[in-house]
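User: Hey, I've got this protein open and I'm a bit lost. Can you walk me through it?

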Amino acid sequence: MQPRTPLVLCVLLSQVLLLTSAEDLDCTPGFQQKVFHINQPTEFIEDQSILNLTFSDCKGNDKLRYEVSSPYFKVNSDGGLVALRNITAVGKTLFVHARTPHAEDMAELVIVGGRDIQGSLQDIFKFARTSPVPRQKRSIVVSPILIPENQRQPFPRDVGKVVDSDRPERSKFRLTGKGVDQEPKGIFRINENTGSVSVTRTLDREVIAVYQLFVETTDVNGKTLEGPVPLEVIVIDQNDNRPIFREGPYIGHVMEGSPTGTTVMRMTAFDADDPATDNALLRYNIRQQTPDKPSPNMFYIDPEKGDIVTVVSPALLDRETLENPKYELIIEAQDMAGLDVGLTGTATATIMIDDKNDHSPKFTKKEFQATVEEGAVGVIVNLTVEDKDDPTTGAWRAAYTIINGNPGQSFEIHTNPQTNEGMLSVVKPLDYEISAFHTLLIKVENEDPLVPDVSYGPSSTATVHITVLDVNEGPVFYPDPMMVTRQENISVGSVLLTVNATDPDSLQHQTIRYSIYKDPAGWLNINPINGTVDTTAVLDRESPFVDNSVYTALFLAIDSGNPPATGTGTLLITLEDVNDNAPFIYPTVAEVCDDAKNLSVVILGASDKDLHPNTDPFKFEIHKQAVPDKVWKISKINNTHALVSLLQNLNKANYNLPIMVTDSGKPPMTNITDLRVQVCSCRNSKVDCNTAGALRFSLPSLLLLSLFSLACL
């Protein structure tokens, strides 16, 4: 396609020259004032008049139109510039474009203190690209320049010209903007004497589509005489970009049996060329379908929208009869509205034919057999079914239900996720003596509901016959555990109880014998025939084999079956306490200095293995004085502790002090223990006791130990 830019430009420039030659000395077409300056206000008020513009085309201003570069302002028919709503900052510069069939011009409003704005005047003054009408009389005449992209050498080449019909002598044209003195620099330049605009290199519309330049005239010193006036350079698109599918992979799904014309998916390609031209006008088609059965044309694509739809009848779109439920389509997008000269791009669309539940599951046989031993639990039989639907979907997965024959909830059925089989299990042990046979009715359904025209038939139910095998069960003690309460120290040979065990095998006539399984202390005996339990030793509550006053023993009941079966029963004997343990004191050794000012010797504690009321409060006494003159004293602290002290200092020696402690039992029990007291020499922080190898406890240490013992009790 050959570019037409030079011809268009020549026509435009010829119009400019004709208009400028028709100069009317009495009227100057255009705005009477080209630039206005106002200070940035706090806010532009809606319908507030900002300034008045005066425009004349010297022919009556017929069909006069105004356009403002900001969407927040408008110009009334009388030339008044007003705000459309309350706003704050709107930018540094506003442009007002006026146009009639005979003339056009632009005025500039500079807002002092405003900020820069982004955007192209191309989007604001769209009519400038289609029907340019040059200004007349003593103004810079500028028309948009159209340049095809991808031009080849030679460069630079002239692409347009700026005209100033009343330019002073020795004045010069100056061109500025992005593409000239701003990045990307040096693309355009202007002949400062003739106004010819040239381009220096190849342009790419997909990089920059429009360049917004500014033209002005200057004197020999560089001072601006007129302008700047916007000059728009528009890059004309060429078809140099192929359509691209950018959003893949493209995977669509359609349900089997869907009506003809069902939309599967949409394929959309992108073309970087100008969307306002045929260069980016795409058309779609299907180049190839794999597989090509049962029809080579299973699908159709809307050439404009890219929608892929089904075109075969619902009967052909049957997943169970298709060779492969997955189709791959090669989709082609072609620009230039699909003409042969257009560029193409392709992508693969994968379409999956999804399964719907149009086949009910069916048992492979009507009756299943199973056997199970009484008392056993677990899976007893696997029920098999067939289903033609997709094994990866809920249309295939089976759900089983026991609908009859399970009143005691002894059976459960679950689905094996790998095989789809129904695993029938016994969850509550069966009793042969109650029922030797069970019959279950089981139905199977899919997780997903069936389609309306399909239903579950007789093949979706099956019967399971279960035979229970008799097993020799062990005797059962009743009650279990068995519990008795006795006082400790009862006489040997005392009868505790008679155990009772029964055989669940009521249809068999078997005898039961008893024996001891566990008797940790060896205190018991059982009659093997009648189960009478008596004592063979004294029962002791304080024995290490007794836990929290309870002694535990285990007994066996063995039937006469072949082989014999055994049952286990537990006996719990609660032992009541009697006062059969005398209390004891601690500690039994103490030290004291011969010159101690504090004559306290030791704090004694007492303990008793018995239980209340056979323990504390304890009574502490000195059994007899070891020295004729009374030098020892014992004082009660509380129910379990007493303080031993001296009435005077003693010489360095070892003393044995008999301490008698009595509990509160009825009758009470008493224990006499010698307290060994070492009187030591304490000089210069050294303790010297009279007996070599004797224990070395300082009095403070003993007091601390005694207090610790008191705290622990």
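**Walking through the model**

User: Can we start with L675? What is L675 in contact with, leaving aside its neighbours within four places in sequence?
Analyst: Sure. L675 is in contact with P587, T588, V589, V602, L604, V644, Y655, N656, L657 and I659. Keep in mind that this is a predicted model.

User: Which residues touch the most other members of the largest nonpolar core?
Analyst: That core has 26 residues, and V601, W632, V644 and L675 touch the most other members. So L675 and V644, which are in contact, are both on that list.

User: Which strands supply at least two residues of this core each?
Analyst: These do: β45 (589-593), β46 (600-607), β47 (619-622), β49 (641-646), β50 (653-662) and β51 (670-683). With 5 residues, β50 gives the most.

User: Which residues are in the other core that lies apart from it?
Analyst: That one has 24 residues, including A269, V312, A333 and A349.

User: Why do cores like these turn up at all?
Analyst: In soluble globular proteins, nonpolar side chains tend to be buried together.

User: OK, switching to cysteines. How many disulfides are there in the whole structure?
Analyst: A search finds 2. One joins C593 to C682, with 1.9 Å from S to S. C593 sits in strand β45 and C682 in strand β51, 89 residues apart, so this pair links distant parts of the chain.

User: Is that one left-handed or right-handed, going by the torsion about the S-S bond of C593 and C682?
Analyst: The torsion is about -85 degrees, so the disulfide is left-handed.

User: And C682, buried or exposed?
Analyst: Buried: its relative accessible area is 18%, and the cut-off for buried is under 20%.

User: What about the other disulfide, which cysteines form it?
Analyst: C680 and C689, with their sulfur atoms 1.9 Å apart. The torsion about their S-S bond is about 85 degrees, so this disulfide is right-handed. C680 is buried at a relative accessible area of 1%, and C689 is buried too, at 4%.

User: New topic: sheets. What is the strand order in the open sheet of 4 strands?
Analyst: The order is β27-β34-β33-β30, and the pairing is mixed. At the edges are β27 (367-373) and β30 (398-404), each pairing on one side only. On average, neighbouring strands here are turned by 30 degrees against each other, direction ignored.

User: How many bridges join β30 to β33?
Analyst: There are 6, and the two strands run antiparallel; β33 covers residues 437-446. As an example, I402 has I442 in β33 as its bridge partner.

User: Last thing, aromatic rings. How many aromatic pairs does the count come to?
Analyst: It comes to 11. Take F44 and F73: their ring centres are 5.2 Å apart and their planes are at 90 degrees, so the pair is edge-to-face. F44 is in the loop between β2 (35-39) and β3 (49-52), while F73 is in strand β6 (residues 73-75), so the pair ties together parts 29 residues apart in sequence. F44 is buried at 3% relative accessible area, and F73 is buried at 5%.

User: And what kind of pair do F363 and F368 form?
Analyst: An edge-to-face one, with 6.1 Å centre to centre and 65 degrees between the planes. F363 and F368 are both buried.

User: Which residues form a cluster with F245?
Analyst: Y250 and Y284 join F245 in one aromatic cluster.

Methods
Residues numbered from 1 in each chain as written. Predicted model: local features only at pLDDT ≥ 70, side-chain atom pairs only at ≥ 80, totals over all residues. Heavy atoms only, no water. Core = buried A, V, L, I, M, F, W, Y, C linked by side-chain atoms within 4.5 Å. Buried < 20%, exposed > 50% of the residue type's maximum accessible area, 1.4 Å probe, protein only. Contact = heavy atoms within 4.5 Å. Disulfide = S-S within 2.5 Å. Pairing = 2+ DSSP bridges. Axes fitted to C-alpha atoms, helices over the stretch in contact; angles between N-to-C directions. Phe/Tyr/Trp six-rings, centres within 6.5 Å; stacked < 30°, edge-to-face > 60°.
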